[in-house]
Amino acid sequence: MFSLKNKTALVTGGASGIGLAISQAFAQAGATVHILEINAELAQQVADDINATGGQAEAHPIDVSDQAQVVALIGQIAAQSPIHILVNNAGVAHVGKADTTEEADFDRIFRINIKGVYNCLYATIPHFKANGGGVILNMASVAASVGIPDRFAYSMSKGAVLTMTLSVAKDYLKENIRCNCISPARVHTPFVDGFLAKSYPGQEAEMFEKLSKTQPIGRMAEPKEVGALALYLCSDEAGFTTGCDYPLDGGFIRLNN
Ligand code: NAD
């Protein structure tokens, strides 16, 4: 329904879960997708699959928390063709409260979930400005606005993603750069499967059901449901929207009481 024909998009963490669904949706809509991903093998496999089915994708092994790597890579991509869309999706989770989160874990969440987003903004916005505009979509979480129990560092990091979204939307309003974020509640991805396997070994299926029931709508979202919203928000049809947080939460924020 929404076209990204002749658009070039960067998708961080674009080889798994929500990022994979976004890479696939964008490629199906006609974009050339650059997958910026720490898992090199998976990224190549996803790019190969997209290319084999008539889409256009390129895999780029990268750690978004390393500014020098990010600036060099985005500079190389921009030298080949103008970049139109940046999706800051890469993120990692951590379980813990303020007094049970070790410094190394806090720093890791900060480096990937916050600094990783900043690095990609820092590297991409100059190209958007030079090209007359662009679209940014950040992956926040319902944790940003309501906090999730036992997810202290993660909630903090997603709060920062939400406020970076607002800051960027304001700072570049006059430069034709739109910036929004999506706040999903639980989405059934390897992120969730990994958490269940680690936290509840042998009880994954039971806990999956239990977690699904914590969503007012009674199930988790599917990654492609996030991909569809991302496609809309990054398309020209969404040209009137900037500085907004789009909950995709099965009622989690407003109907959970
Ligand atoms: P996922 O683990 O399936 O995918 C994350 C991807 O990011 C992976 O491919 C991983 O290799 C990549 N990545 C991790 N660190 C990286 C780094 N330093 N540099 C580059 N790539 C890196 O997770 P997902 O569930 O698809 O989550 C995607 C985003 O959505 C995250 O930001 C997450 O916080 C957010 N989110 C997820 C849920 C959920 O329930 N799954 C809910 C709300 C928000």
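Here are some questions and answers on a predicted model with a bound ligand and packed helices.

Q: Where does UniProt place the feature "domain: Ketoreductase", and how far apart are the end C-alpha atoms of that span?
A: The UniProt record, an unreviewed entry, puts this domain at residues 7–176. The span is 54% helix and 16% strand. Its end C-alpha atoms lie apart by 16 Å.

Q: Which residues come nearest to the ligand?
A: The shell around the ligand has 29 residues. Elements giving two or more residues to that shell are α1 (17–28), α4 (103–131) and α7 (190–199). The residues that come nearest are G13, S16, G17, G91 and F191.

Q: How many charged residues does the shell around the ligand have?
A: Sorted by class, 14 residues of the shell are nonpolar and 12 are polar. That leaves the charged class, with 3 residues.

Q: Is α4 roughly parallel or oblique to α6, and why?
A: Helix α6 covers residues 152–171, and its axis sits 9 Å from that of α4. The packing angle is about 15 degrees. Angles under 35 degrees count as roughly parallel. Therefore α4 is, relative to α6, roughly parallel.

Q: What class make-up does the contact of α4 with α6 have?
A: On the α4 side, the residues include F106, I109, F110, I114 and V117. They meet a set in α6 that includes A153, Y154, V161 and M164. By class, this contact has 13 nonpolar, 2 polar and 1 charged residues.

Q: Why is α1 oblique to α9?
A: Helix α9 spans residues 223–234, and its axis comes within 8 Å of the α1 axis. The two cross at roughly 50 degrees. Roughly parallel needs an angle under 35 degrees and roughly perpendicular needs 65 to 115. So the label for α1 against α9 is oblique.

Q: How many nonpolar residues does the contact of α1 with α9 have?
A: Among the α1 residues here are I18, L20, A21 and I22, meeting α9 residues that include P223, V226 and L231. The contact also has 3 polar residues and 1 charged. Its nonpolar residues number 11.

Terms used:
Residues numbered from 1 in each chain as written. Predicted model: local features only at pLDDT ≥ 70, side-chain atom pairs only at ≥ 80, totals over all residues. UniProt positions renumbered as here; feature names shortened; annotations may be inferred. Helix = DSSP H or I, 4+ residues; strand = E, 2+ residues; numbered from the N terminus. Near = placed C-beta within 6 Å. Nonpolar A, V, L, I, M, F, W, Y, C, P; charged D, E, K, R; others polar. Axes fitted to C-alpha atoms, helices over the stretch in contact; angles between N-to-C directions. Parallel < 35°, antiparallel > 145°, perpendicular 65-115°, else oblique. Contact = placed C-beta atoms within 7 Å.
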